[in-house]
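Me: Please take a close look at one part of this model, the place where the two chains meet, and then follow the surroundings outward in one connected account.

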Amino acid sequence: MAAPWVSLRLVAPMLNGTRGIHRLGGAVVPEGNQKKERTMLQFLTNHFYDVEALRGYLFQREMSKVHLKNRSFTWLEEQHGPYSAGAFFILKQGGAVKFRDKEWIRPDKYGHFSPEFWNFREVPVEAVDASDCEINYEGLDNLLLLKELQSLSLQRCPHVDDWCLSRLYPLADSLQELSLAGCPRVSERGLACLHHLQNLRRLDISDLPAVSNPGLTQILVEEMLPNCQVVGVDWAEGLKLGPEEQPQDTASPVPA
Amino acid sequence: MIRRVLPHGLGRGLLTRRPGTRRGGFSLDWDGKVSEIKKKIKSILPGTPCDVLPDTSHLPPEHSDVVIVGGGVLGLSVAYWLKKLENRQGGMQVLVVERDHTYSQASTGLSVGGICQQFSLPENIQLSLFSASFLRNINEYLAVTDAPPLDLQFNPSGYLLLASEKDAAAMESNVKVQKQEGAKVCLMSPDQLRNKFPWINTEGVALASYGMENEGWFDPWCLLHGLRQKLASMGVSFCQGEVTRFVTSSQCMLTTDDEMVTLKSIHEVHVKMDHSLEYQPVECAIVINAAGAWSAQIAALAGIGKGPPGTLQGTKLPVEPRKEEEPDPANLEVDHDFFQEKVWPHLALRVPAFETLKVQTAWAGYYDYNTFDQNGVVGPHPLVVNMYFATGFSGHGLQQAPGVGRAVAEMILEGSFQTIDLSPFLFNRFYLGEKTQENNIM
């Protein structure tokens, strides 16, 4: 909404640095030009209904692309079993899956992956690496098919927010490792509803921009999950004001 | 010779332009014309106000297809869905009339902002579920170009209801209905409760129901602001004023039992401005009563309840700004003793850590309390054919607003409820005496 054509606000801020398809050539647009583009576009939007409608339409199209990616694959469950259905969803999104006693299956740079997992009807999925995937709340329907998941990595997922975290409780029995590093929409309120996951042994909550007080949140999460090793923030971060960084005492009179 | 010819030529030229004037009279006319031209230039030049038409920018428009009385979350939700579901873009002119633009007494702003699916009526559960999905996708529904995304600050903690021995059966059947409708609620025994929440005193508790998903609380101001922003971009007009009069026209009709019925329809709404006697008559086709705690006054203006008691004409809208046990609703002063005497003992009993509790701040707000059965009133009035209600939710208005707004919009545009059937919430039940009551009142 703030930048031309691409709904950068709803997609992770990291995309600000990458090149949008509509930018010229291969060079990264400098900040000054971006600002000029933005205000020009805003001016046009405020003065012409057509521009506003066009931008609204493009935004809705971006949203429907995300919805399409997160459509339901639960119909595959009858034919191929829940584990293959869930694995297919993750692989389509661009993530990687690891079945028990098998190797990691990853899609290559063209998005193709080997179809051998269709044969693994009874083999449960042990680990899922969904980093940088566009999973959202609806997509979790498919992820929750994997009942015996032990390790889940949702690093830098742009659409994973507090609502999604509140939906992870069905995996409480088996989930042992969870990583939420770099998710722009996860806040401490979402982290609070991880209290259902009592079997968690390792939780990564580093680099969460929406969390207001990372040090305090780390302490609270550690208290909430006593058996879990919480990786992420050094809790003393907020206290790191050394003697040279002490705030100047402005009330003291200036020596004459 | 030439001197005589030139004026003659000029004179003829002028005369050909104005055949009516005398030959020697054009100089007087010229002076008059000059002064006229000077006056016109003076009035057109900036600096002098052109007060040909009086300034009406503070008044609402003279015509509007739909007038929504009440600019709280329910009124705005109805406006949003009307504009979203209309068949032609710009097909409906909607005006939202709100008496207080600071929302100082409106229930929306003063609400805690909780959302919960643990009801016993399936319609209530469906409304809350839809509202949860609306709030989850709020940045898609209420997207405005160049506006920052809304952060509702949703806290996804669930609601925990405790039941004693005698209420346990009712709670079990409620949870069954909730699970059927798709709410994620689970039952817990006292042991499981102690395990999960060791700080609760489970004395006297036979059963507990805990909401796992889609329950919690959020910021109602953010929702209000988001709705207002989106509505402004969709072309809905807002007006600050008070509705003082409805001008209706009646029609007498015969029912199939040969009874005379007077059907009224509102065709004008008088909106009075703040701190003045000035009012604007707004011609309208449909009026929506979403005035919250003051809905009964608006209904009385339309003549609802003016008739012999016991008849349909005499059935008033039973919505009041109060709740039974709670303190005096004449003003919004907080009664601190109420907390000390009525609420704190229960808290301290259940949660021993709260014995040393001290209240830091408190605020009060009105419930649009439905004295009949504590559930909302939705849909048209049987006699005043173009007044639709969206009020009386007795504390659940905020969490059911998106669903109710959609239902009222469907009722207006399609003639019947399409997605969630809210027929148990129609006005008729007050006359027929059929209570649509919740088993467990929160």
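Reply: Glu213(B) forms a salt bridge with Arg167(A), the closest N and O atoms being 3.7 Å apart; a salt bridge here is a side-chain nitrogen of Lys or Arg within 4 Å of a carboxyl oxygen of Asp or Glu. This is a predicted model, in which local features need pLDDT of at least 70 and side-chain atom pairs count only at pLDDT 80 or more, whereas totals for chains, interfaces and linings use all residues. Residues are numbered from 1 along each chain as its sequence is written, chains are lettered from A and ligands numbered from 1 in the order in which they are written, and side-chain values use heavy atoms, with hydrogens and water left out.

On the other side of that pair, Arg167(A) lies in the loop between helix H6 (162–165) and strand S5 (177–179) of chain A, where helices (H or I, at least four residues) and strands (E, at least two) are DSSP runs numbered from the N terminus. Arg167(A) counts as buried because its relative accessibility is 8%, the classes being buried under 20% relative accessible area, exposed over 50% and partly exposed in between (1.4 Å probe, protein chains only). Leaving aside neighbours within four places in sequence, Arg167(A) is in contact with Tyr137(A), Glu138(A), Leu140(A), Asp141(A), Leu144(A) and Glu213(B), contact meaning heavy atoms within 4.5 Å.

Turning to the interface as a whole, the rule finds 3 salt bridges between chain B and chain A, and 8 residue pairs are in polar contact, both residues at pLDDT 80 or more. A polar contact is a pair of N or O atoms within 3.5 Å; within protein, one must be able to donate a hydrogen and the other to accept it, and residues adjacent in sequence count only if both atoms are side-chain atoms. On the side of chain B that touches chain A, the elements giving two or more residues are helix H5 (122–136) and helix H6 (138–141) of chain B, and the largest share, 3 residues, comes from H5(B). By class, that side of chain B divides into 10 nonpolar, 7 polar and 7 charged residues, with Ala, Val, Leu, Ile, Met, Phe, Trp, Tyr, Cys and Pro taken as nonpolar, Asp, Glu, Lys and Arg as charged, and the others, Gly among them, as polar.

The contact takes 24 residues from chain B and 24 residues from chain A. Chain B and chain A bury about 2300 Å² between them, 55% of it on carbon and sulfur atoms; buried area is the accessible area (1.4 Å probe) that two parts lose on being put together, summed over both. In chain B, the residues that lose the most area to chain A are Arg136(B), Glu140(B) and Asp146(B), together 27% of what that side buries.

Within chain B there is a further interface, between domain 2 (159–212) and domain 3 (332–364), with bounds from an automatic or database domain assignment. Here 7 residues of domain 2 of chain B are in contact with 4 residues of domain 3 of chain B, and the two domains bury about 420 Å² between them, 50% of it on carbon and sulfur atoms. In domain 2 of chain B, Trp199(B), Asn201(B) and Glu203(B) lose the most area to domain 3 of chain B, together 77% of what that side buries. Across this domain interface the rule finds 0 salt bridges, while 3 residue pairs are in polar contact, both at pLDDT 80 or more.
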